[in-house]
Amino acid sequence: MRYRNYRKKGNKKARYFFIAGGIFAFVLFIFIQINNILAPVVQTYARYQSLALATRVINDAVLKVLEEENISYTSMVNIAYNPEGEILSVQANSMSANHIKAVLTNAIAQNLEELQYEDIAVPFGTLTQIQILNGRGPKVHFRVKPASYVVSQITSTLETAGINQVRHMINLVV
């Protein structure tokens, strides 16, 4: 008799263990499915928010450096004139241009490093990915920290601006 009672208790424990394991697996499956649905939407919102934030940070850094360094076109190029005052040649001052590039890149990188977590609010209807509910419902908040690095390059272009006229542009591509 004791043997049967012991065996029945063991079956109960095993049954509870399998039920608990099944519930855990089901909950884990639900979380994975929810993550698979929400991740692309949240990543898209985060990408756009980070792009807008990075644009503001870059613009602020560029304006600040341009003010502090008193940078103008003539500080980046050497212009040669003939005795009548006509322009003979325009030669880029690579040392000045590289200095400006380094200062701007460092300022942008420093401003991007100072960024803290950004709060992103996504409407619940958008998270469901049902088109008719897109942009509707209460906002679900997520916190993201933008990760970034800065790559910059100076480009110099000459364009025709009319008869006997040429436009010289120096751009910093960030």
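**Nonpolar cores, a surface patch and a salt bridge**

Beyond its neighbours within four places in sequence, I108 is in contact with V57, I58, A61, V62, V150 and V174. The model examined here is a predicted one. Three of the residues just named, I108, V57 and A61, belong to the largest nonpolar core, which has 12 residues in all. The other members of this core are L53, V65, I71, M76, I100, L104, A107, L112 and L115. Helices α1 and α2 (94-113) are the elements that give two or more residues to the core, and α2 supplies its largest share, 5 residues. A second core, separate from the one above, contains 7 residues, among them V41, I120, V122 and V144.

Nonpolar side chains also occur at the surface. Y16, I19, I23, F26, V27, F29, I30, F31 and I34 make a nonpolar surface patch of about 920 Å². One of these residues, I30, is found in helix α1, which spans residues 2-69. I30 has a relative accessible area of 33% and is therefore classed as partly exposed. In soluble globular proteins, by contrast, nonpolar side chains tend to be buried together.

The count of salt bridges in the model comes to 1. This salt bridge joins E159 and R167, with 3.4 Å between the closest N and O atoms. Both partners fall between the limits for buried and exposed residues, under 20% and over 50% respectively: E159 is partly exposed at a relative accessible area of 33%, and R167 is partly exposed at 42%.

Methods
Residues are numbered from 1 along each chain as its sequence is written. This is a predicted model: local features need pLDDT of at least 70, side-chain atom pairs count only at pLDDT 80 or more; totals for chains, interfaces and linings use all residues. Side-chain values use heavy atoms; hydrogens and water are left out. Patches are made of residues with over 30% relative accessible area and no salt bridge: like charges are joined within 9 Å, nonpolar side chains (Val, Leu, Ile, Met, Phe, Trp, Tyr) within 5 Å. Accessible areas come from the Shrake-Rupley method with a 1.4 Å probe; for residues, only the protein chains shown count as cover. A salt bridge is a side-chain nitrogen of Lys or Arg within 4 Å of a carboxyl oxygen of Asp or Glu. Helices (H or I, at least four residues) and strands (E, at least two) are DSSP runs, numbered from the N terminus. Buried means under 20% relative accessible area, exposed over 50%, partly exposed in between (1.4 Å probe, protein chains only). A nonpolar core is a set of buried Ala, Val, Leu, Ile, Met, Phe, Trp, Tyr and Cys residues joined through side-chain atoms within 4.5 Å. Contact means heavy atoms within 4.5 Å.
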